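Hi,

Here is the structure I promised to pass on. Have a look at it first, and my notes follow below.

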Amino acid sequence: MAECEKKVRHELGDHVSAARSQPYYLDVTHPAANKGSVVDFLASVYLISKSSIATIGDMPNDVLMFNKSGMSIAMGNASPEVQAEANFVTDSNEEEGFAHAIERFVLNQTGISAVSPPA
């Protein structure tokens, strides 16, 4: 599938967006129909800078949004290639990686501390 992705990108260039959403899926869409464009859209609609947006993902198609956001976090179960494209790497899906990413990277970056449940 990786070879197919490369071939589609080479032959169709900027006419499409081609990225793997799973090891066995290649998403070929309109060039603006990808997760990177969603970051652009959200920044525009909510009048915030893209540098204020954090993204979390685990598949190659998430790299498109990593490149547009101010903070990118790869899940621990992501491939080494996806992890290399992110600013940070958290634990896997099975180890509550999303929650840990929010606590470690997002809340710590904003100065907000996580609230502990009452004892």
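Where is S17 found? S17 sits in strand β1, which covers residues 17-22. Keep in mind that this is a predicted model.

S17 has a relative accessibility of 9%; the cut-off for buried is under 20%, so S17 counts as buried. Setting aside neighbours within four places in sequence, S17 is in contact with D27, V28, T29, H30, P31, A33, N34 and L64.

Now for the sheet. Three strands make up an open sheet, ordered β3-β4-β5, and their pairing is parallel. β3 (54-57) and β5 (88-89) are at the edges with a single partner strand each, so each has one side without a neighbour in the sheet. As a reminder, strands of a sheet pair through backbone hydrogen bonds, and the pairing can be parallel or antiparallel.

If you want to look at one pairing up close, try β3 with β4 (residues 71-74): the two run parallel and are joined by four bridges. Within that pairing, G57 stands opposite A74 in β4.

G57 also turns up in the contacts of another residue, D62. You'll find D62 in the loop between β3 and α3 (63-66). Is D62 buried or exposed? D62 is buried, since its relative accessible area is 2% and the cut-off is under 20%. Not counting residues up to four places away in sequence, D62 touches K35 and G57.

That's what I have for now. Shout if anything is unclear.

Cheers

Technical notes: Residues are numbered from 1 along each chain as its sequence is written. This is a predicted model: local features need pLDDT of at least 70, side-chain atom pairs count only at pLDDT 80 or more; totals for chains, interfaces and linings use all residues. Side-chain values use heavy atoms; hydrogens and water are left out. Two strands pair if DSSP finds at least two bridges between them. Buried means under 20% relative accessible area, exposed over 50%, partly exposed in between (1.4 Å probe, protein chains only). Contact means heavy atoms within 4.5 Å.
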